[in-house]
Amino acid sequence: GLSFLASYAAQAGLFPLELRLAAVAAAGIALLVVGFLRRQAKPDFALALQGTGVAVIYLTIFAAARLFELMPLFPALGLMLLVCALGCALALLQGSQALAFAAFAGGFAAPVLLGGEGSATGLFAYFAILNLAVLALVWRKGWRAIAVLAFVATFGVMAAWVGTSYQVADYAVAQAFLAVFVLVHLGNAILVAGPRPG
């Protein structure tokens, strides 16, 4: 619905592009706020609103950076990481694995959506931050779906990177981060299989 309204406003020439994107982002934030405020009265509906709000904000950042080039890619990636962190914080607060899954799905998809020419170290560091966050979340909650998402996303994107962008100069960095990823996902597997704290 928001996409349709933004498209209609563009065709009618009603508002500048920046204002349309800001309005869509504001709608996403409003969905988050309303959903959070309704979390006790109608928890399922509230989580659906919050998940939609997270998705709307992700897509708005993507549109601003990739489709309309109104924002540099690196700040857009940082904003997407903040949205992921916010979504995870809300998921932890409400005990919602589904909301955490949506937040991390957007976080892992961000480099693929935004594309651009970035360094291997930057890409791996970004994924390392997400994977360490997943490890902490799995340790705290034991959410198996999040661990599986992180595993598939990490090694899927890394395999695609090796197939398209790997250079011999990247060998040492790639091996170091590969060791980190293997250890993190080994830790995830142990935590999912074993007892969890409190």
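Colleague: Why is the sulfur of Cys88 not in a bond with the closest cysteine sulfur?

Modeller: This is a predicted model, so the distance comes from its atoms. The closest cysteine sulfur to that of Cys88 is in Cys84, at 4.2 Å. A disulfide needs the two sulfur atoms within 2.5 Å. The pair is therefore too far apart for a bond.

Colleague: What is the closest cysteine sulfur to that of Cys84?

Modeller: The one in Cys88, at 4.2 Å, again too far for a bond. By this rule the disulfide count is zero.

Colleague: Why is Cys84 called buried?

Modeller: Its relative accessible area is 3%. Buried means under 20%, so Cys84 qualifies.

Colleague: And Cys88, buried or exposed?

Modeller: Cys88 has a relative accessible area of 12%. That is under 20%, so Cys88 is buried.

Colleague: Now the helices. At what angle do the axes of H7 and H8 cross?

Modeller: Roughly 160°. H7 covers residues 144–165 and H8 residues 171–193, and their axes come within 10 Å.

Colleague: What makes H7 roughly antiparallel to H8?

Modeller: The angle. Over 145 degrees counts as roughly antiparallel, and roughly 160° is over that, so the term applies. The crossing of H7 past H8 is left-handed.

Colleague: Which residues make the contact?

Modeller: From H7, they include Arg144, Phe151, Phe155 and Trp161. From H8, they include Leu178, Phe181, His185 and Val192.

Colleague: How do the residues of the contact of H7 with H8 divide?

Modeller: Into 11 nonpolar, three polar and one charged. Arg144 is in the contact, and Arg counts as charged, so Arg144 is a charged residue there.

Note on methods:
Residues numbered from 1 in each chain as written. Predicted model: local features only at pLDDT ≥ 70, side-chain atom pairs only at ≥ 80, totals over all residues. Heavy atoms only, no water. Axes fitted to C-alpha atoms, helices over the stretch in contact; angles between N-to-C directions. Helix = DSSP H or I, 4+ residues; strand = E, 2+ residues; numbered from the N terminus. Left-handed = near helix turned anticlockwise from the far one by under 90°. Contact = heavy atoms within 4.5 Å. Buried < 20%, exposed > 50% of the residue type's maximum accessible area, 1.4 Å probe, protein only.
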